[in-house]
Amino acid sequence: MSNKFGGWAGYVLRVNLTTGLITKETTETYHDYIGGMGIGYKVLWDNHADGIKATDEENRLVISAGPLSGSGAICSARTTITSRNPVIRNHLITDGHFGGHFSPELKFAGYDAIIVEGKSPTPVWLRIEDDKVTLEPADSLWGVGIFDTFATISKLMGQQAQVAAIGPGGENLVAQSTIQTQGGHSAGGHGSVLGSKKLKAIGIIGTGTVDIAESTTNEQLRALDDHILGIIGANNNGVVPNQPQSWAEYSSTTSRWRGGPGVTWGAADTPVILEETPWDDRQKVAMRTSMAESYFGREEANKIFKRPGGCHSCPIRCFCEIKNPKMKTEYKLPTENITNVCLGFLDPWYAMGKPSHGEKRTDIQTVGGYYMDNFGIWSAYGQLSHVMREFTARSFWEILLPADEFAAINWAQYADLDAHFMQDFYTRIAYGASYEGSNILGRTLGRGLHNFINDDGELYHLEDILNEVESPRMAGLTFALESDEHYEFYGKAYSVFLDSHLKVFNRSMVGGVHHASESAGQVGALLNTVFNRDPQCHSHINLINCGLPWAKIAEVAESMWGPGAFDPVKHYTAMNTSKAKFAKWCLVKNVLHDSLTLCNWMFPLLVSPDVEKDYLGDSSIESQMFSLVTGVKTTEQELDDKAETVLQLHRALTVLQMNEPNQRDNHDVLAEWVYDLDSDKAFGDEGTIKMDRDDIQVGLDMFYAEMGWDNATGVPTRATLEKFKLGYVADKLEGLGLLPA
Amino acid sequence: MITRRALLANGAKVAVGTVYYGTLVSFLTGCGSSSDDDTDTDKPIVEVLPGGLMVVNPVMCVGCRRCEIACSWSHGKSAVSPSTARIKVAKNLNFGPHGVQDNYEDQRGEQGDGTIVPSTCRQCDVCMTVCPQEAISINETTGARVVNDSLCVGCGYCADKCPQQVITIDKITRKSLKCDLCEGNPNCAQVCPTGAIKFYTWEDAVAEVELHEKYLALV
Ligand code: SF4
Ligand code: SF4
């Protein structure tokens, strides 16, 4: 145990699957990079090898906690998983995250991170019981679904074990696969990395403690906890209720504060009727979010919602524990219960064509969610299902699939919105080539869109790509729907970059839209250009969807980043430096949270439900927590600087992995539909989220200036890297001719 | 034969200052009593003092473990761990009170029907009775059975015999860690975001314990 600091456990575990060697090293090496994502990016920088694929033996995968996880700090139980990602063009590095109770358990066992390297000849799982760390045979677990894997390992270790595992998706090297832990928590994109290493699961029991700095008293911890509870809202920091409540001055449908009159935990053994959930009632905090409302509609939710759930130390509880008896009776699943959130429910629904609320949608979401999770499949924030739905609507599968495969798929079921379709659909994706017939559908969807398109976003003949034909034929698809008619590209070759329903946002990475221009104009657009996958950033969402009136939000935004930082949604003004500062701030906080590891769905707390505080929150909570837990007195700015170090490293590593000195033209590029949609409207008109080509270029100029990146290339300059103690990074990039002059 | 349920339904009241033994005690505390012979004085006894019991309502528990954390925070050194918390959520969080069963999908816990059944100390006298050092005594104000650290040698008898299995021995200090009701203002109850865990007077605790017992059985 390292006695110098609170928070950090003190050790990083290195597991070499090729040699079977398991070693311990000190976490202090990584303190400048905070923890979590910072450890992941540093390890991947230090071990960079040119041109390797995500599933190559040389690739490493880092599972990391931060100094706050397990300390009891509110919402501090996220786990970051960092590795090269096969869903991204060039298999660039990404970080995915899951919640639950895994990272606290890792800390209780005495570790801040696990570095997984090499490749085992046979399936294994990693067993961690405090100091006892062993690799165990997993032959009998290979092929087993995630839920039974959790059960089997828990039976061997004891049910208090926290387990992370991959499902058949990861084992079958399906790129769109996840790593999951109990309670419906999954991290996207890296399942196949563990699959390629033949590591099925990790089980942890930690009986130790997360020590808090000796200088910190219990009273201080409780006082900060109370301070946070005094300003925290609901999920995404919605700080006003979704519907009017007597105590609230405002209400807003953008707020995720959905718990209130009319909401019932109807599937609970004794149904719980919520009534009002006043902001200062600390024993109703966990009732505020009630997300089942938004996924299932009130009527269905009131029948099937049992209770909210979520991560260690979080009072908010954004997960939904759902009980749908039909899962067992009609769909023959072993359970009638499922817990999940967000795309876990929405992806099946998107895939089936977005039916409206009601029993059919409930069945699709619960049954589909079960298969997705049990197989360990990743939606890539809906990209998987957007492709399925859009290609079905355009009748593309009929053209793209061999006739016998097309005929074997039960399209009548699909058209009927019959949830039985979900079994075959997700099985095709999870089992790839080993599923019956040619399975072009499943193999394509599982592999990631970037493999199947040319530079213009037009599709190749799918089988040629899957069979690695040297010069693949084009698929020859065209825009031919009636709804395409008012677009100029009607009749043109179909391109995924033109199709606004498909939502490919970052054109160069082929990443999906996620709280980008649809949420915060250029601010959202900019932060979605920098990351290799969507940044999963809610820093901006926590302000703009808080539910307060626009004028109040604009006032807060102006005080933080200057005038004009925030436009009303769907009514955007031209780019300005305040927006560039706002975008940078969002990313820095995002990286901070992924390093600490805190929940970026909850923090930062810029606003609060407290009218007495003029609805203001406190953006320095993270540094207050960090100072108390570690004992290292750190200001908000100092901690943000540490996070920015990680962000700069993220960019530099992307340059190194792409071996590409021009990020501006080859990474930070948006898909065409972002500029071309709503042909009857111009950028800036009310009601459109369309961006303007020149304005986005101005945006990049301003954003690069804020980040200290070279204007022409978008690569961090030596001065910037040195400012963040990354001189060694500058040296390496310079040696390779990748640093701007 | 008087069953537990019948006894309660008959309006059994628990009065402060009375010594109880037999069925009612075994029900309240869960300290094993299969017979209903109330004259068997080998059975655990409980002297009901002011204060009451911490009980968790499994319908309301959302598994956040903030109670465990607050308990760790408020006792001794600020080190957080399910091992040092006197309330236990982790040990039946995922698969329920009976561990992993073949039909785990139908049992309690996060991997079962989603019901979480934390265990709390029921302030019975078992630990006090079995302690060879007489290190456990009653706090007359709160009614809590409390450990005197200077007498405790960490032998672990109390932990072994605790009917709720909520006592642990601190790995480092080798002292018994037992719920002391935080001098009458339990931290765990203060931080619970649903009010699932509450401090009940003995009288009100009867109904809550009955509910809790229901969730301890195999489904
Ligand atoms: S808001 Fe949701 S994701 Fe965030 S810590 Fe709470 S339960 Fe976990
Ligand atoms: S604080 Fe309350 S809701 Fe959270 S685990 Fe404890 S009893 Fe359950």
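User: How many disulfides are there over all chains?
Analyst: This is a predicted model, where local features need pLDDT of at least 70, side-chain atom pairs count only at pLDDT 80 or more, and totals for chains, interfaces and linings use all residues. Side-chain values use heavy atoms, without hydrogens and water, residues are numbered from 1 along each chain as its sequence is written, and chains are lettered from A and ligands numbered from 1 in the order in which they are written. A disulfide is a pair of cysteine sulfur atoms within 2.5 Å. Over all chains the count is 0.

User: Which cysteine sulfur is closest to that of B:Cys155, and why is there no bond?
Analyst: The gap is 5.9 Å, so it is too far for a bond. The closest sulfur sits in B:Cys131.

User: Is B:Cys67 buried or exposed?
Analyst: Buried means under 20% relative accessible area, exposed over 50%, partly exposed in between (1.4 Å probe, protein chains only). B:Cys155, at 40%, is partly exposed. B:Cys67 has 11% relative accessibility, so it counts as buried.

User: Where is the kink in H19(A) centred?
Analyst: Helices are DSSP runs of H or I, at least four residues, numbered from the N terminus. H19 of chain A spans residues 517-530, yet its end C-alpha atoms are only 14 Å apart, short of the 20 Å of a straight helix at 1.5 Å a residue. The bend at a residue is the angle between axes fitted to the seven residues ending there and the seven starting there. The kink is about 85 degrees, centred on A:Val523.

User: How many of the 14 residues of H19(A) are buried?
Analyst: H19(A) is largely enclosed by the rest of the structure. The buried count is 13.

Conventions
Helices (H or I, at least four residues) and strands (E, at least two) are DSSP runs, numbered from the N terminus. The expected span of a helix is 1.5 Å times one less than its number of residues.
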